[in-house]
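Me: I'd like to learn how to read a fold like this one. Can you walk me through it?

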Amino acid sequence: MIIDSHCHLDRINLDRYENTLSLALDAARERGIEGFLCISISLENLQNVVDIAQANDNVWASVGVHPLDVDSGVAGVEQLIDFARQDKVVAIGETGLDYYYSQDSKALQQESFVHHLQAADKSQKPVVVHTRDAKEDTLNLIKTHGNLESAGVLHCFTEDWDMARRAIDMNYMISISGIVTFKNAEALRDVVRNVPLDHLLVETDSPYLAPIPYRGKPNQPKYVREVAEYVAELKGLRLEELAEITTNNFFRLFNQANSTRVMSKTL
Ligand SMILES: [Zn+2]
Ligand SMILES: [Zn+2]
C-alpha cells in the first residue's frame, strides 16, 4: 500500500476518466495506491477539497492557502480552525514561503504562514509546508510559532540537506515528489539518501511535476508508484518495504486519518 501524501485532486486532468474523480482514484488503487491527501491552495477551493475528501474513501484533506496565493486573501487563524473542524481534515496547509517565484509578497507570505502554524497548533494538526529559496525564514517561523509535537512535513522537497536535517530535528517529515527522478536532481537524490527512513514520505503533487517517464504530461496520483520505486532504489529497499515504511509514517504524522481509514480487502 502506497499513500500519495500530497495531491490536488480538484485540479487533476480527468479526460481519460469520464470526468469522474472516483475512476482516477480506482486507477491508482489498481496500482497499489490506497490513500491520498488532497491539498487546498486557496480560500476559493478550500471547501471543495474538503468535500472531495468526505465523498471518497481514504481521501483526506488539508486546509490552507498556498504562499503564492496570498494575494487573494490571507486566511485568519480562527477561519482556518473552523475549516479544520470538519470530518477528514487531518492537516493545515499547504502554506509556507516561496521566495523563488515571489519576493514581492514576502511579508504577506510570512503573515499567512504564521496564521497556519498557529491554527495547526491550536487544532493539534500537522502543517503541510511549501518552501522554496526561503530556508532560514521557514525554519525560524516553524521554530517560533510551530507545535513541534504535531509537527508537519516539508513537501515536494528540493532544498539542501542542512535544511532537511534541521527540519527533521524539529520532528518534521520530508516528502519527495517526482522531481527526484529528473536527470538534474542529483543533489536531491543525495538528500534522499541521507533522510532517515522514519522521516520520509512520497507524493505526486499532481497535477504538477510528473515523474519520469511521464515528465511533461499531466501528473496523477497513480504515478506516486514511480516515485516510490525510485526512492526505494535510492534507499536500497524493495518497493514493498518502502511502501510500508512511508505508509506508517503517514499515519503517524497525520494520525487523525486513522479513525476514518478504510482497510482494503486486498490487504
Ligand atoms: Zn507546494
Ligand atoms: Zn501542492
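Reply: Sure. Keep in mind that this is a predicted model. Let's start with a pair of strands: β2 (residues 33–39) and β3 (residues 59–63) run parallel, joined by 4 bridges. One place to look is Leu37, whose bridge partner in β3 is Trp60.

Me: What is the strand order in the whole sheet, and is the pairing parallel or antiparallel?

Reply: In general, strands of a sheet pair through backbone hydrogen bonds, in either a parallel or an antiparallel way. Here, 8 strands make an open sheet with parallel pairing, in the order β1-β2-β3-β4-β5-β6-β7-β8. The edges are β1 (2–7) and β8 (200–202); each has a single partner strand, so one side of each has no neighbour in the sheet. From one strand to the next, the twist averages 30°.

Me: Now a helix. Which residues of α4 are buried?

Reply: As a rule, an α-helix has 3.6 residues a turn, so residues three or four places apart point the same way. For α4 (residues 106–123), the buried set includes Gln109, Ser112, Phe113, His116 and Ala120. The buried residues of α4 pack against α3, β4, β5 and α5. Its 18 residues reach 26 Å between the first and last C-alpha, close to the 26 Å expected. Right after α4 comes Gln124, with a positive phi near 55°.

Me: How do the axes of α8 and α9 cross?

Reply: They come within 9 Å and cross at roughly 105°, which makes α8 roughly perpendicular to α9. By class, their contact has 6 nonpolar, 1 polar and 3 charged residues. Among them, Val231 and Lys235 are on the α8 side, with Leu242 and Thr246 on the α9 side.

Technical notes
Residues numbered from 1 in each chain as written. Chains lettered and ligands numbered in written order. Predicted model: local features only at pLDDT ≥ 70, side-chain atom pairs only at ≥ 80, totals over all residues. Pairing = 2+ DSSP bridges. Helix = DSSP H or I, 4+ residues; strand = E, 2+ residues; numbered from the N terminus. Axes fitted to C-alpha atoms, helices over the stretch in contact; angles between N-to-C directions. Expected span 1.5 Å × (residues − 1). Buried ≥ 20, exposed ≤ 12 C-beta atoms within 10 Å, placed from the backbone. Contact = placed C-beta atoms within 7 Å. Parallel < 35°, antiparallel > 145°, perpendicular 65-115°, else oblique. Nonpolar A, V, L, I, M, F, W, Y, C, P; charged D, E, K, R; others polar.
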